[in-house]
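Hello,

Here is the structure I said I would pass on. My notes on what was found in it follow below.

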Amino acid sequence: MSQLMNKAKDFVSDKISDVAKPEASLTDVDFTRITMNNVEYLAKVAVHNPYSHPLPICEIKYSFKSATREIASGTIPDPGSLKAKDTTMVDVPVKVPYSILMSLAKDIGADWDIDYQLDLGLVIDLPVVGYFTIPLSRKGEVKLPKPF
């Protein structure tokens, strides 16, 4: 009986691996604005849906790190849907509190920027397959607004 179950699992795994899946890329991370409590950045994600019907994005999880230290993280529930047979731009707002930025003074230094790593997970509900997470990561540097 266990051999039959293993064969069935292998068969399903082979068939699912051939199914087209949405693909995503993290295209940009930019400064957007300053508030009284934090600095806000916007990550832009391009997601291509190969299916002829829209797909719901269940949630987006993110982690924003500098010098291997997590300085912001969060989850965006139900951010919308992916257009059918098209590429959809998804905006992911990231808020970094000032208190954390001040503790990064060594990294900020004279050039007034933060070296970062942004990790994202887009959770999409695929027909038949179920929930599918597209992992994304990007390293770079973002400029901080100059102090007055």
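**Strands, sheets and a ring cluster**

S2 and S5 run antiparallel and are joined by twelve bridges. One of the residues involved is Tyr41, whose bridge partner in S5 is Val94. Please keep in mind throughout that this is a predicted model.

**The overall layout**

The protein has three helices and seven strands. Along the sequence these come in the pattern α-β-β-β-β-β-α-α-β-β. The protein has 148 residues, and buried residues make up 33% of them. About 9000 Å² of the protein is exposed, and carbon and sulfur atoms supply 56% of that area. Take the contacts between residues at least 6 apart in sequence: 66% of these join residues at least 24 apart.

**The sheet of three strands**

The pair S2 and S5 belongs to an open sheet of three strands, in the order S1-S2-S5, with antiparallel pairing. S1 and strand S5 (86-97) are at the edges with a single partner strand each, so one side of each has no neighbour in the sheet. From one strand to the next, the twist averages 20°.

The other pairing in this order is between S1 and S2, which are antiparallel and share ten bridges. In that pairing, Ala24 stands opposite Val47 in S2. S1 and S2 are also joined by a hairpin, and the connection runs through three residues.

**The sheet of four strands**

A second group to look at is an open sheet of four strands in the order S4-S3-S6-S7, again described by antiparallel pairing. Its edge strands are strand S4 (69-82) and strand S7 (130-143), each of which pairs on one side only. Here the twist averages 15° from one strand to the next.

The pairings can be taken in the order of the sheet:

- S3 and S4 pair in the antiparallel sense over eleven bridges. Ser63 has Ser73 in S4 as its bridge partner. The two strands form a hairpin with two residues between them, and Ala67 in the turn has a positive phi of about 50°.
- S3 and S6 are antiparallel too, with eight bridges. In this pairing, Tyr62 has Leu120 in S6 as its bridge partner.
- Strand S6 (residues 113-126) and S7 run antiparallel and are joined by 14 bridges. Leu126 is bridged to Gly130 in S7.

**Two residues in this sheet**

Ser66 is in strand S3 (residues 55-66). Is Ser66 buried or exposed? Its relative accessibility is 0%, and the cut-off for buried is under 20%, so Ser66 counts as buried. The side chain of Ser66 reaches the backbone oxygen of Asp115 at a distance of 2.9 Å.

Phe132 is in strand S7. Which residues does Phe132 contact, leaving aside its neighbours within four places in sequence? They are Lys21, Pro22, Leu122, Val123, Ile124 and Leu126. Phe132 and Gly121 are eleven residues apart along the chain, and their C-alpha atoms are separated by 9.6 Å.

**The aromatic rings**

How many aromatic pairs does the structure hold? There are three aromatic pairs. A pair of aromatic rings is described by two things, the distance of the centres and the angle of the planes. For Phe31 and Tyr41, the ring centres are 6.2 Å apart and the planes are at 75°. The cut-off for edge-to-face is over 60 degrees, so this pair is edge-to-face.

Phe31 lies in strand S1 (residues 23-34) and Tyr41 lies in strand S2 (residues 38-49), so the pair ties together parts that are ten residues apart in sequence. This is the Tyr41 that has Val94 as its bridge partner in S5.

The two residues have these accessibilities. Phe31 has a relative accessible area of 35% and is partly exposed. Tyr41 has a relative accessible area of 1% and is buried. The values can be checked against the cut-offs: buried is under 20%, exposed is over 50%, and partly exposed is in between.

Ring pairs also link Phe31 and Tyr41 with Phe64 and Tyr116, and these residues form a cluster.

Regards

Terms used: Residues numbered from 1 in each chain as written. Predicted model: local features only at pLDDT ≥ 70, side-chain atom pairs only at ≥ 80, totals over all residues. Heavy atoms only, no water. Phe/Tyr/Trp six-rings, centres within 6.5 Å; stacked < 30°, edge-to-face > 60°. Buried < 20%, exposed > 50% of the residue type's maximum accessible area, 1.4 Å probe, protein only. Contact = heavy atoms within 4.5 Å. Areas by Shrake-Rupley, 256 points an atom, 1.4 Å probe, with all protein chains shown as cover. Pairing = 2+ DSSP bridges. Axes fitted to C-alpha atoms, helices over the stretch in contact; angles between N-to-C directions. Polar contact = N/O pair within 3.5 Å; in protein donor to acceptor, adjacent residues only side chain to side chain.
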